[in-house]
Amino acid sequence: AWPAAEAGSAAPRSARWLGWVKPAMAGRYVFHSAEPTAQITVAGQRFGAGADPAAAVDLATGRYYPIRIEWPDRAATS
């Protein structure tokens, strides 16, 4: 749960996660989120909000690929 905003203020509710993905099998991958405003970037390929809905990325077995997941403040995107 997000922290409550102080009375009279609108606390931003955004998040960013950075990490690595290491696929167990080589292949074409698609990343998605149940949150419609989430933006996911894996190995430079963008998924989610504002990205090409047919986007996919080819990943090799055992390599590490950077992943970034950003969830912008809904108030800022409305």
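Start by selecting E35, which sits in the loop between strand 2 and strand 3 (39-42). The model on screen is a predicted one. Is E35 buried or exposed? Its relative accessibility is 13%, and because the cut-off for buried is under 20%, E35 counts as buried. Now show the side chain of T37 as well: a polar contact of 2.9 Å joins it to the side chain of E35.

**Whole chain**

Zoom out and colour by secondary structure. The protein chain has 1 helix and 6 strands. Followed from the N terminus, the elements come in the order β-β-β-β-β-β-α. Switch to a surface view: the accessible surface of the protein chain is about 5,600 Å², and carbon and sulfur atoms account for 56% of it. Of the 78 residues in the protein chain, 26% are buried. Contacts are the next item. Taking those between residues at least 6 apart in sequence, 66% join residues at least 24 apart.

**The sheet**

Select strands 1, 6, 3 and 4. These 4 strands form an open sheet in the order 1-6-3-4, with antiparallel pairing. Which strands stand at the edges? They are strand 1 and strand 4 (45-48); each has a single partner strand, so one side of each is left without a neighbour in the sheet. Neighbouring strands of this sheet are turned by 20 degrees against each other on average, direction ignored. Strands of a sheet pair through backbone hydrogen bonds, so show the backbone for the next steps.

Go through the sheet pair by pair:

- Strand 1 and strand 6 run antiparallel and are joined by 7 bridges.
- Strand 3 and strand 6 are paired in the antiparallel sense over 4 bridges.
- Strand 3 and strand 4 are also antiparallel, with 4 bridges.

Now select R68 in strand 6. Which residues stand opposite R68? L18 is one of them, and T41 is another. Move on to T41 and look towards strand 4, where the bridge partner of T41 is R46. Selecting L18, R68, T41 and R46 together lets you follow these pairings: L18 opposite R68, T41 opposite R68, and R46 as the partner of T41.

**Salt bridges**

Hide the backbone and show the charged side chains. How many salt bridges does the structure hold? There are 3.

Begin with E70 and R16. Their salt bridge has its closest N and O atoms 2.8 Å apart. E70 is in strand 6 (residues 65-71) and R16 is in strand 1 (residues 15-21), so this pair links distant parts of the chain, 54 residues apart. E70 is buried, at a relative accessible area of 17%. R16, by contrast, is exposed, at 57%.

Keep E70 selected and add R68. The side chains of R68 and E70 also meet in a salt bridge, at 3.3 Å from N to O. R68 is partly exposed, with a relative accessible area of 35%. Salt bridges that share partners thus put R16, R68 and E70 into one network. R68 is the residue already visited in the sheet, where it stands opposite L18 and T41.

Next select R28 and D58. Their side chains form a salt bridge, 2.9 Å from N to O. What does this pair tie together? R28 lies in strand 2 (residues 27-29) and D58 in strand 5 (residues 57-59), so the pair ties together parts that are 30 residues apart in sequence. Both R28 and D58 are exposed.

**L59**

Stay in strand 5 and select L59. Is L59 buried or exposed? At 4% relative accessibility, L59 counts as buried. Which residues does L59 touch? Leaving out residues up to four places away in sequence, L59 touches P23, M25, A26, G27, Y29, F31, V42, A43 and Y65. Display these as sticks around L59. Then pick the C-alpha atoms of L59 and A43: they are separated by 8.5 Å, and the two residues are 16 apart along the chain.

Methods. Residues are numbered from 1 along each chain as its sequence is written. This is a predicted model: local features need pLDDT of at least 70, side-chain atom pairs count only at pLDDT 80 or more; totals for chains, interfaces and linings use all residues. Side-chain values use heavy atoms; hydrogens and water are left out. Helices (H or I, at least four residues) and strands (E, at least two) are DSSP runs, numbered from the N terminus. Buried means under 20% relative accessible area, exposed over 50%, partly exposed in between (1.4 Å probe, protein chains only). Contact means heavy atoms within 4.5 Å. Accessible areas come from the Shrake-Rupley method with a 1.4 Å probe; for residues, only the protein chains shown count as cover. A salt bridge is a side-chain nitrogen of Lys or Arg within 4 Å of a carboxyl oxygen of Asp or Glu. A polar contact is a pair of N or O atoms within 3.5 Å; within protein, one must be able to donate a hydrogen and the other to accept it, and residues adjacent in sequence count only if both atoms are side-chain atoms. Two strands pair if DSSP finds at least two bridges between them. Axes are lines fitted to C-alpha atoms, for helices over the stretch in contact, and angles run from 0 to 180 degrees between N-to-C directions.
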